[in-house]
There are 2 protein chains.
Amino acid sequence: MTRTSSQPSIASVAAAAGVSPTTVSHALSGKRAVSPETRERILQAIEDQKYRPNMVARSLRRRKTQSIALIVADITNPYYPALARAVHDSLAEAGYVSLIGNTDGVRENEQTMLEEMVARGVDGVIMRPMELSGREIREIVGPAIPVVVVADEDETGPVDRVTTDDAQGIDEAVHALHEDGIDDLGFVGDPLASTSMSRHAAFTSAVDELGLRVQADWIVDSEFTRDGGYAAARRLLALEHRPRGIVCANDLIAIGVVQAARDLGIAVPGELAVVGFDDIDTASLMSPALTTVLNPAAAVGATCADLILRRIADPAMEHQRVSLPTRLVRRESA
Amino acid sequence: MTRTSSQPSIASVAAAAGVSPTTVSHALSGKRAVSPETRERILQAIEDQKYRPNMVARSLRRRKTQSIALIVADITNPYYPALARAVHDSLAEAGYVSLIGNTDGVRENEQTMLEEMVARGVDGVIMRPMELSGREIREIVGPAIPVVVVADEDETGPVDRVTTDDAQGIDEAVHALHEDGIDDLGFVGDPLASTSMSRHAAFTSAVDELGLRVQADWIVDSEFTRDGGYAAARRLLALEHRPRGIVCANDLIAIGVVQAARDLGIAVPGELAVVGFDDIDTASLMSPALTTVLNPAAAVGATCADLILRRIADPAMEHQRVSLPTRLVRRESA
DNA sequence: TTGTAGGCGTTATCAG
DNA sequence: CTGATAACGCCTACAA
């Protein structure tokens, strides 16, 4: 009896079962009939050897890796884990595994990450880009790989899109503020991030529609982080004439803003109303509880997974664009 | 001139540069000298064709995938993203990519996930197991794959370990409560999760050391979630004679406990002191701010990555066990 | 119902 | 300094 220390292979199983590798392969895939007795022997051998097909060999041969890339700015932003988990679950069900990449939203990283994933032969890419457009992404990954982008571009580009109707929520927020007599409004967001841009645009149009005047220096830049929001607010709130309400591009920023206000002795919501975006867990738990726009992360993730699976199944399908609703969750901060 | 629509391969590059695939391979790997002129031509051809090596073919041949599995219970638990990000960053630097798996802490999923990752040929596994022991994990993945486990088993098993000194923090917590005259202490955690078990053990020994008596029904079970904590607390706080302080196995549970107390009209910290574990972001932001034990997620992640890289570099290295400190962060809830 | 042979794209070995 | 050749483990015509 020969004992090899190496991993069992389809060949070793075949040998043990007294059949050809071909038959083992078919017994596994069911793509061809195998007599009950041989199948039995094969299954037995597989069990004995604890055989599991080598996925990398299979991938090379099939030209499919059963893996998809999930590329986000920063998994540490509480918005993403919910999205990632939903993607993971839907995909796992279909036998896919997720490769995850963080880009910090910087253009070069986004590009490098995409190239790396393509080189690794992922069967699809789900990405929430901050700087790259759908068109640029398609350019980088080539024509053959399914791409689902989470972004708010209107452009109907060469990728599938999952969008949230951010304008809806922002609009509700601005109107709510207005109804409370708060018309001096500022916005803090990241002019480099597309997500932020579209929220900014929504803010601007809501404000315009209401005929409100917003000072140029009430629009301030910040990364999508607490620290960014804090720093931005320190600047904004130091202005001689400062806004009485601030709409933030995400909750992390809003949290930073609330902290800055507190440190400056400015009462929230009394002297300053703050509204966030995303509705991360912390929003409802913090004090003052954050008024924010609910961003359905899990639904977005599930939709992405669904879309990528559908496109893998039908590459010729016309490009999809699904939009998920968004709504204001009124709490204490505004 | 021939135009193929397929991806460029090492062969197409070789053809364009007028050399053999072997030479291209060496030009890329640097494992063998290549004359400046040929190298130049090769690089040019690579650029022209936008060639990138096919990682799956490379993996098959090299028997290395430059990927590692990161297996956790639930990426949605705010403790994990910080860990995952640290792992991701350290690994990316070394050219590795992370496959992420969620198990919800259930034994069967832990096993299946491990098998899947092994079949995919990961070069290492970083796992925070809830039910599987280091020994069992090693059993499943076989002897050859580096495994780093984040767990508190003392057992010096066949894997590398990163531990946090949970006992330290819990001990500080129990003592702090005691010094405040709070001696009726309860604990809520998950009897199935090893992480929770060790924290429970630490709680018990701290309490014993102080000579405190804890009622059997003050130890209650809960999953590592907010809802779990809420439900557990509803039961616990309905007791005729209830504890005046509750130590929780993690922050999510603690948040649920605080909410239950609020809903029951029990003042925190006035009538009930609550301490959590992990120090997730929300802990410092919520109201009352959560007193909790700081669990250095990012440091744990970085250490895991470091360890797995070291073992890949030196498979014969003796099994490591590194312990990271933990400490009480006193805030409002206790 | 089963088997043989060739190849997926790369790298390691051996030869020149 | 450079090439031919084989092999990594699997799948799929093509044959029987």
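This is a short viewer tour of a two-chain protein model, from the domains of one chain to the contact between chains and a few backbone details. The model is predicted, so please read every value below as computed from it.

**Stop 1: the domains of chain A**

Start by colouring chain A in three parts: domain 1 (10-62), domain 2 (67-165 + 297-325) and domain 3 (166-294). Domain 2 is written as two segments, so select both ranges together. Next, place a centroid on the C-alpha atoms of domain 1 and another on those of domain 3 of chain A; the two centres are 60 Å apart.

**Stop 2: the contact between the chains**

Now show both chains and select the residues that touch across them. You should pick up 44 residues from chain A and 44 residues from chain B. Together the chains bury about 3600 Å², with 58% of that area on carbon and sulfur atoms. On the chain A side, highlight A:Arg85, A:Arg120 and A:Leu285: these lose the most area to chain B and together make up 20% of what that side buries.

**Stop 3: polar links**

Switch on side chains. Between chain A and chain B there are 5 salt bridges, and 21 residue pairs are in polar contact, counting pairs with both residues at pLDDT 80 or more. For one salt bridge to zoom in on, try A:Asp74 with B:Arg85, where the closest N and O atoms sit 2.9 Å apart.

Which elements of chain A supply at least two residues each to the side that touches chain B? Select helices H4 (55-62), H5 (79-93), H6 (107-119), H11 (251-263) and H12 (281-285), plus strand S2 (97-102). The largest share, 6 residues, comes from S2(A). Colour this side of chain A by class and you will find 19 nonpolar, 16 polar and 9 charged residues.

**Stop 4: strand S2 against strand S2**

Stay with S2(A) and add strand S2 (residues 97-102) of chain B. The two strands pair in the antiparallel sense over 3 bridges. Centre the view on A:Leu99, whose bridge partner in S2(B) is B:Leu99.

**Stop 5: backbone details**

Go next to the loop between H11 and strand S9 (273-278) of chain A, where A:Pro269 lies. The peptide bond from A:Val268 to A:Pro269 is cis, with omega near 10°. In chain B, a cis peptide bond joins B:Val268 and B:Pro269, with omega about 10°; B:Pro269 is in the loop between H11 (251-263) and S9 (273-278) of that chain.

Finish at A:Arg63, in the loop between H4 and strand S1 (67-72) of chain A. Check its phi: the angle is near 60°, a positive value in a residue other than glycine.

Conventions: Residues are numbered from 1 along each chain as its sequence is written. Chains are lettered from A and ligands numbered from 1 in the order in which they are written. This is a predicted model: local features need pLDDT of at least 70, side-chain atom pairs count only at pLDDT 80 or more; totals for chains, interfaces and linings use all residues. Side-chain values use heavy atoms; hydrogens and water are left out. Contact means heavy atoms within 4.5 Å. Buried area is the accessible area (1.4 Å probe) that two parts lose on being put together, summed over both. A salt bridge is a side-chain nitrogen of Lys or Arg within 4 Å of a carboxyl oxygen of Asp or Glu. A polar contact is a pair of N or O atoms within 3.5 Å; within protein, one must be able to donate a hydrogen and the other to accept it, and residues adjacent in sequence count only if both atoms are side-chain atoms. Helices (H or I, at least four residues) and strands (E, at least two) are DSSP runs, numbered from the N terminus. Ala, Val, Leu, Ile, Met, Phe, Trp, Tyr, Cys and Pro count as nonpolar, Asp, Glu, Lys and Arg as charged, and the others, Gly among them, as polar. Two strands pair if DSSP finds at least two bridges between them. Domain bounds come from an automatic or database domain assignment.
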